[in-house]
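Here is a set of questions and answers on one protein model. Look at the sequence and the structure before reading on.

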Amino acid sequence: MEMLEIDGSRGEGGGQMVRTSVAMSTVTGIPVHLTRIRENRPTNGLSKQHVAAVRAVAQMAGSEIEGCTMGSGDLLFYPGTEQVYDIDVNISSAGSISLVLQAMLLAARNHTRRLTVDINGGTNVMWAPPIDSYSSLLFPMMGRMGITADVKVIERGFYPQGGGRVIATLDPIGDIRPLRLDTLGELKRIRGVCFCQRLADWIPEAMVKSCDQVFSSIADVEIETQYTDGDSRGAGLVLVAEYENGMLGSNALSARGQSPERSGRDAAKDLLNEMRSGATMDVHTADQLLPYMAMAQGESSFNVSRISRHLLSQMDTLESFLDVKFGVERVNDVYRFTVTPGVRQ
């Protein structure tokens, strides 16, 4: 089969193009050659997290890889046909567990038995989805598409030590139902989780209080606070607005030089802005669900408040592997997306 050439500096030009490419190569059986990986980033080439993701995806199908080393700007991926169902992954840093999982779950699209992944790294780190957003938002939305995934946090891991551990499972994926999110319907509730590890109790309390203040005149917020022990320390907040037809989410991490009050307020304001925008999906969730929509049995649709470079890059990569048509139009204050599988533009 002819090898697909992908310029890794195009579009968003980050690690997502690498993760999606090797996952879709596994799904479609198309070999892929990635060049100029992360060329426009401060640190070029593959990071430890990207290497872990590529190797884990390769292990799942007995795929062959060349150039999968730290700093490499050139990667060859030859997809195998095996189906490995139990995999241990050690990112050996605070590299994002959720981003590595993102690639692995997508790559398991053709698996015929349940996949179980035991993975060590960072559960809640900057520039990556918190693992809590998977259990509270992404996986429930995948459930609406007929995909059953689950995640259990054994230990939390924060930057820079990491040390987190997660066990995730994915049942075999059959036909994928399209997702039509034209309206969200009535707001049912706003819920969340505030997590804290090896920090003073007043920090999560301040985050929750400032979050409550933002929503005080709109709705009650049900927030569960979790205190854990581990090698690393950190705190954060994940919020979900649950509607009749869908969900919107936001999150924040505590950070040096930023008060916990501000972190809580930022997460709440981000969610409130999404709720008021007319969006039916937040841009981060759209980014993660797009590959499944591209393989669904029918057209999906949703509205986002803004178009991220990640989302554009994801579309570009998916079009390289699949017969799919993406439509984007500005409607009032939102961008309406349609995803039509089986149709070339």
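Two strands pair if DSSP finds at least two bridges between them. Helices (H or I, at least four residues) and strands (E, at least two) are DSSP runs, numbered from the N terminus. The model is predicted, so local features need pLDDT of at least 70 and side-chain atom pairs count only at pLDDT 80 or more, while totals for chains, interfaces and linings use all residues. Residues are numbered from 1 along each chain as its sequence is written, and side-chain values use heavy atoms, with hydrogens and water left out.

Q: Which strands stand at the edges of the open sheet of three strands, β13-β15-β14?
A: The pairing in this sheet is antiparallel. An edge strand has a single partner strand, so one side of it is left without a neighbour in the sheet. The strands in that position are β13 (300-304) and β14 (324-331).

Q: Which residue of β15 is the bridge partner of Ser 300?
A: β13 pairs with strand β15 (residues 334-341) in the antiparallel sense, over five bridges. In β15, the partner of Ser 300 is Val 339.

Q: What angle does the direction of helix α7 make with that of β13?
A: Axes are lines fitted to C-alpha atoms, for helices over the stretch in contact, and angles run from 0 to 180 degrees between N-to-C directions. Contact means heavy atoms within 4.5 Å. Helix α7 (residues 283-294) packs on the sheet and touches β13, β14 and β15. Its direction and that of β13 make an angle of about 165°.

Q: In what order do the strands of the open sheet of four strands stand?
A: Strands of a sheet pair through backbone hydrogen bonds, either parallel or antiparallel. In the sheet of four strands the pairing is mixed. β10 (221-228) and β12 (247-253) each have a single partner strand, so they stand at the edges. The order is β10-β9-β11-β12.

Q: Which residue of β11 is the bridge partner of Gly 192?
A: Strand β9 (residues 187-197) and strand β11 (residues 234-243) run antiparallel and are joined by 10 bridges. In β11, Gly 192 has as its partner Leu 239.

Q: Which strands does helix α5 touch?
A: Helix α5 (residues 202-215) packs on the sheet of four strands, and its direction makes about 170° with that of β10. The strands touched by α5 are β9, β10, β11 and β12.

Q: Which residue of β4 stands opposite Val 32?
A: Strand β2 (residues 32-35) and strand β4 (residues 75-78) run antiparallel, with three bridges between them. Opposite Val 32 in β4 stands Phe 77.

Q: Which residue of β4 stands opposite Glu 64?
A: Strand β3 (residues 64-66) is joined to β4 by three bridges, and these strands run antiparallel. Opposite Glu 64 in β4 stands Tyr 78.

Q: How far apart are the axes of α1 and α3?
A: Helix α1 (residues 15-28) and helix α3 (residues 97-107) pack at an angle of about 20°. That makes α1 roughly parallel to α3, since angles under 35 degrees count as roughly parallel, over 145 as roughly antiparallel, 65 to 115 as roughly perpendicular and the rest as oblique. The distance between the axes is 8 Å.

Q: Which residues of α8 make the contact with α1?
A: The axes of α1 and helix α8 (residues 309-321) come within 10 Å and cross at roughly 25°. That makes α1 roughly parallel to α8. On the α1 side the contact includes Gln 16, Met 17 and Thr 20. On the α8 side the residues are His 310, Ser 313, Gln 314, Thr 317, Leu 318 and Phe 321.

Q: Why does the salt bridge of Asp 132 and Arg 156 tie together parts that are apart in sequence, and how many residues apart are they?
A: A salt bridge is a side-chain nitrogen of Lys or Arg within 4 Å of a carboxyl oxygen of Asp or Glu. The side chains of Asp 132 and Arg 156 meet in one, at 2.7 Å from N to O. Asp 132 lies in helix α4 (residues 131-144) and Arg 156 in the loop between β7 (149-155) and β8 (164-170), so the parts tied together are apart in sequence by 24 residues.

Q: Which residue follows Tyr 159 across a cis peptide bond?
A: The omega of this bond is near 5°. The residue is found in the loop between β7 and β8. It is Pro 160.
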